[in-house]
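Visitor: I have a structure on my screen and would like to learn how to read its pockets, cavities and cysteines. Could you walk me through them?

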Amino acid sequence: MFSTHGILVVGGGIAGQAVCEAVRDRDPHVALTLVCAEDHKPYDRVRLGRLLEDGASVADLRLRPDSWYEDRQVTVLTGVRVVGADLAAGTVALSNGSVRHADRIVLCTGSDAFVPPIPGRGHDGVVVFRDPADCAAMVAGAEGIGRAAVIGGGLLGLEAAHALAQRGCATSVVHLVDRLMERQLDAPAAAMLVPAMEGLGVDVRLEHATQEIVAGADGRVAGLHFADGTALACELVVVAVGIRPQVELARALGLDVDRGIVVDDALTTSDPRVLAVGECAQHRGTVHGIVAPIRDQAAVAAEVLTGGTASYEGSVPTSKLKVMGVDLVTAGAAEGEREVLAADAAAGTYRKLVLAADGTVLGAVLLGDVRGAELLMDAVRARRVTDDGLALLAEASRATAAELPDAAQVCNCNGVCKGAIVGAIREQGLGSTQEVVNVTRAGAGCGSCKPVVSELLALERAGAAEEPAYLCPCERQTREELSGIVRDQGITSVSELGAACGAGRKCGACKPGLSYLVEERQAGRFRQERHAKFINDRVHANIQSDGTFSVVPRLRGGVVTADELRRFADVADKYELPMIKITGGQRIDLLGVTKEQLPAVWEDLGMPSGYAYAKSVRTVKTCVGTQHCRFGLGDAITVGIDLERAMEGLHTPHKVKAAVTGCPRNCAEAYVKDIGLVAVEGGWEVYVGGAAGASVRKGDLLATLPDEGEAKRVALAFLQHYREEGDHLERTYGYLERVGLEAVQEAVLEPSRTAALLERYAIAKAACDPDPWLERYEPMVPRQFAELDSDAELDLVALAEATR
């Protein structure tokens, strides 16, 4: 059918990934190459706003792990663009100077941000919200300013405004027309968003045409001038007014281009060797700017590419998301000649159906109350006819997952219908929600459909409780089962474990958990493999939203010398780092370090790694205790430093934060740490399972001990117990709530069991790496701390990692 050159997909976004998956579902052997202009493998751009949250990275948005591409023999090229092609010869020229061969090309080039020609748009402090670098610029620009302005009141603009408001930045949304999200909402529904926005501190200015972005004497943004003569003072401007299909490559190839790349019902362009899918494609005059149609288009394109016939008839635009913290579902038309409405302004809910004259359901808008969304979206897609729109709305509000038709699309992100979910549960005997997510991909995107997935699972299991959590859901393998395989077969790496039982080979999401399991069980016999680690663990630094890294050295007990402070300042100046930050764990964070700068920064600092990037023991906070405080009952600094030395370098199921405080006044916050030691009259108390982040929980009192030595022994015994028994990514507080304090006390405090735990702790401690930053002298793989700039280098690194 095709020669061995196969298919080349241009564009590493959602559309490109969807085409690769659909092709592989139909043909596991055809040569398949994905070319990504960005430096990342495909990620979920719909959730780009997550990068504006503290600690989130592009890795958190990845659509598939590296092993997915390896196992399915999909060649992925990142950081390169297609710059031309000879369609007759079947060759494609790349920006790195190399040439690839392909019989068919699929353009999934997506769209670019539309930037209106506003005078001043080039000033410092003007950011276009479209990619990870833009998110990094927004985060940096919002630091310490008085106000940010977002130009654009559509989905992207409101997402940007919400994220900025959540960061504590006063924000104004400036919109040209008379209502927000005019493409998805009618005027009454849009008006109901305004109170929610104002409640978050977001100022809304409708019917404001930005005439100019003005700058101060320093060249940075100072405000906006509007056509009506008014003005707004601001120090950051985010432009999010819309998108334009990316058609430059198609135009260069001589393809028919209108607003988008013109395609027929087979998604084929004016050249039969080239197809187009996603935001760049124009089908029957329509360019879809949302995710939902992409899966439909990808399925048709894959059928055509693999020798079949299929026809794309168009898609009903649907979306299911949160806007300003308010649930929103839209499907089809937002307005029409017949409308049925049920609204409650006081409750902030709005439910509307749009009907044709004959009762055909043409659209739905649900705001604040999205019960029965799947049923109504199915009614729009199926063009269901109803005599009573209010009755249909009422039916939807009472609908359960059992009443949904099999064709009802449960997951918009990945295009998964109820029938596919139920079929997978029945055919594969799935027993947990996470299994269903991994197998069907329903819920693997934004996650809003997971409650429906869980409800369908409960129905199929006749109400029986979900099965225990699997460390590898794809293979239905528990931590205990995999631990037995590791022990019995003497397995020392994740690759060996995968070869032995298949764990981690399908979706790859469990590989970091498998890596921890093998390391914990085998201690000094564990063989590190970079493909089984997050990027943070591979380069020993925490990746930021702009692709740079933060560096946090170990400062035991939060104590720093004058010489060390000078080194921080010298390094920041030498490498022109944008920020030095005091962390909540009494550490100093250097931000903005590039990957290739990491070894030199570590060398100049001359301090060990603080493991701030890893699932490990992070910090031991201390107060000054009896060394300086008149209220002190115990030497918190000495105990804290000793405890940190004893625990540092050990990997754990999730991050562990500890503290030692010299009296119950709790200045070091020991009551809300994973492990907290508190000096009291006559001894020390040891608390475990505390939390002060997204979850707030006072720790449980594990024991009261007569002296600091016994307190440290019990703390270390608990740490080892948690290392052995906690599930991967389960914090200590989750573990305590799961098994109960009494079970932990029995396991940790009984003298013989304490001794055994401490013996295993000593073995693990002896085997751990006290300072992974020393890899600057002997990198684990070639170019570990350098950017990869050619296919040859990528292949060398992959070979080195595979053979270590």
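Guide: We will take the cysteines, then the cavities, then a pocket. Keep in mind that this is a predicted model.

Visitor: How many disulfides does a search of the whole structure find?

Guide: The general idea helps here: a disulfide is a covalent bond that joins the sulfur atoms of two cysteines. In this model, the search finds zero disulfides. Take Cys280: the nearest cysteine sulfur belongs to Cys108 and is 6.2 Å away, and a pair has to be within 2.5 Å to count.

Visitor: Is Cys280 buried or exposed?

Guide: Cys280 is buried, with a relative accessible area of 0%.

Visitor: And which cysteine sulfur is nearest to that of Cys623?

Guide: That of Cys667, 5.9 Å away, and Cys623 is in no disulfide. Cys623 has 15% relative accessibility and counts as buried, because the cut-off for buried is under 20%.

Visitor: Let's go inside. How many cavities of 30 Å³ or more are there?

Guide: A cavity is a space that the probe fits into but cannot get out of. The search finds six of 30 Å³ or more in this structure. The largest cavity holds about 130 Å³ of space.

Visitor: Which helix gives the largest share of the lining of the largest cavity?

Guide: Helix α15, residues 511–522, with four residues. Among the residues that line the largest cavity are Tyr516, Lys533, Asp537, His651 and His728. By type, the lining has three nonpolar, four polar and four charged residues.

Visitor: What lines the second largest cavity?

Guide: The second largest cavity has about 70 Å³ of space, and its lining includes Arg479, Tyr516, Glu520, Arg723, Asp727 and His728. Helix α15 gives the most to this lining, with five residues, and α21 (708–725) supplies at least two. The lining divides into three nonpolar, three polar and six charged residues.

Visitor: What about pockets? Which residues are closest to the centre of the second largest pocket?

Guide: A pocket, unlike a cavity, is open. The second largest pocket has a volume of about 820 Å³. Of the 31 residues that line it, Glu21, Asp25, Arg64, Val439 and Arg441 are the closest to its centre.

Visitor: Which element gives the most to the lining of that pocket?

Guide: That is α1, with six residues. Elements that give two or more residues also include α7 (292–305), α10 (418–428) and α11 (433–440). The lining of the second largest pocket has 13 nonpolar, seven polar and eleven charged residues.

Conventions: Residues are numbered from 1 along each chain as its sequence is written. This is a predicted model: local features need pLDDT of at least 70, side-chain atom pairs count only at pLDDT 80 or more; totals for chains, interfaces and linings use all residues. Side-chain values use heavy atoms; hydrogens and water are left out. On a 1 Å grid over the protein atoms alone, a cavity is a set of points where a 1.4 Å probe fits but cannot get out, and a pocket is an open set with protein on both sides within 12 Å along at least five of seven lines; lining residues have an atom within 4 Å of a point. Grid points are joined across faces, edges and corners, and a volume is the space filled by probe spheres set on the points. Ala, Val, Leu, Ile, Met, Phe, Trp, Tyr, Cys and Pro count as nonpolar, Asp, Glu, Lys and Arg as charged, and the others, Gly among them, as polar. Buried means under 20% relative accessible area, exposed over 50%, partly exposed in between (1.4 Å probe, protein chains only).
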